[in-house]
Amino acid sequence: MAEAKWMIYGAYGYTGTLIAEEAVRRGHRPVLAGRSAEKLRPLAERLDLNWIAVSLDDADALREAVATVNLVMHAAGPYVHTAAPMLRACLDGITSYLDITGEIPVFGEVYSLDQAAWEREIALIPGVGFDVVPTDCLAKYVADQVPNPVTLELAIDALSKTSPGTTKTLLESLPEGGLVRRDGRLRPYSLGQGGRWFSFPHGRRYAMPIPWGDLATAYRSTGIPNITTYLAFSPGAARLARLAAPLLGGLLRIGAIRRLAGRIVKRTVKGPDEATRQQARSYIWAQAANAEGQEAQAWLETVEAYRFTALAAVRAVERVLAERPRGAFTPAQAFGADFVLDIEGTKRYDTLPALQRTP
Ligand SMILES: NC(=O)c1ccc[n+]([C@@H]2O[C@H](COP(=O)([O-])OP(=O)(O)OC[C@H]3O[C@@H](n4cnc5c(N)ncnc54)[C@H](OP(=O)(O)O)[C@@H]3O)[C@@H](O)[C@H]2O)c1
């Protein structure tokens, strides 16, 4: 199936372009798609790929375009606005669907289509980027070492600089505030609260609970009912978040302000440059524990988050085209906990590397 046809939708966005470039580097020839012919043409000419301009709002044209390929790699977000029409087109066209969302409601939306995907013999796999491949794989790795785990904690040190789409997605989700999972249910959690220090392979970092996609995906991959996901910030930034989040969240609930902020982001946020993508590293820690006090922890060290997203997305496409899973899956369910080790530059540690151990 290596020559199977697939499409990247949102191909001219910051991350869509990285995925298209990585696909070509690995010898693929995906069709590039998006809503603007003007933005698609130069990218398709540079990469020497076919392209098609089609709007997500034109259900008939989208269905027709999607039905010509075996798989869509959906790279256009925020997904709360873009996932539904593409999922509909993929189900109608008998076309597998992958995306790079990290948005908790979107994971639920996709998983609710499990049966429909199984009947059509297609795969629906949201979150095949940095959010959530490394955390999902590490969560499964530690959960599998503990009988009946009840608690999972994940901490991430990455994302020194965000892309336009990630920033817009953060603006969309800020009014919802923080979340954790307790007793199997998502519970509100005040942003900026609950920060603490974590040991990573590169030193100690302060991190605070944020609503990372694993609150949905790790629950599905491991069944663990209590999950907290932390992101590293300076203690000062965490204090600022505690003070400013309620005010900012309130302002962003006003549609006109959110749209204005989105336009400013589009003009000013560029995402990490090539040098940063090549040099920066990302770190993850996971710990699973059971009611008897047994626990397992592990760490991952990997490449910069947007570079990781491009590498993981293309590897996920290759696995789906080769293995043809049917149903709706998390990355770790579809490809196993070791999938993350296929991503170049990734190492997993069961203990902190001795030389970099911190007191
Ligand atoms: N999982 C991860 O780790 C990860 C990593 C990177 C990005 N992401 C997510 O991926 C998405 C894209 O991020 P990015 O930084 O690449 O964003 P970006 O540079 O702003 O690009 C967004 C792309 O989506 C398209 N788009 C947005 N809304 C659309 C709509 N309603 N209909 C059709 N096309 C639409 C844009 O087209 P126009 O220019 O025509 O608007 C553009 O091609 C975001 O949701 C981001 O959060 C996730």
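In this predicted model, two domains contribute to the shell around the ligand: domain 1 (6–129 + 306–339) and domain 2 (133–304 + 343–349) each provide at least three of its residues. The shell is made up of 32 residues, and those that come nearest to the ligand are G13, G77, G129, S163 and G165.

Several helices take part in this shell. At least two residues come from each of α1 (14–25), α4 (79–93), α8 (164–173) and α13 (305–323). Of the helices, α8 deserves a second look: with four residues, α8 gives the most to the shell around the ligand.

The chemical make-up of the shell can be read by class. Polar residues number 17, nonpolar residues twelve, and charged residues three. Glycine is counted here among the polar residues, a point to keep in mind for G13, G77, G129 and G165, which are among the residues that come nearest to the ligand.

From the ligand, the view widens to the whole protein. The fold contains 14 helices and 16 strands. The protein is as compact as a globular protein of its length, because its radius of gyration of 20 Å is close to the 21 Å that the globule rule gives for 359 residues. Along the principal axes, the C-alpha atoms fill a box of roughly 55 × 45 × 40 Å.

Burial and contacts complete the picture. Of the 359 residues, 48% count as buried. Among contacts with a separation of 6 or more, 73% are between residues 24 or more positions apart.

Note on methods: Residues are numbered from 1 along each chain as its sequence is written. This is a predicted model: local features need pLDDT of at least 70, side-chain atom pairs count only at pLDDT 80 or more; totals for chains, interfaces and linings use all residues. A residue is near a molecule or strand if its C-beta atom, placed from the backbone, lies within 6 Å of it. Domain bounds come from an automatic or database domain assignment. The radius of gyration is taken over C-alpha atoms; the globule rule is 2.2 Å times the number of residues to the power 0.38. A residue is buried if 20 or more other C-beta atoms lie within 10 Å of its own, exposed if 12 or fewer, and partly exposed in between; C-beta atoms are placed from the backbone. Two residues are in contact if their C-beta atoms, placed from the backbone, lie within 7 Å.
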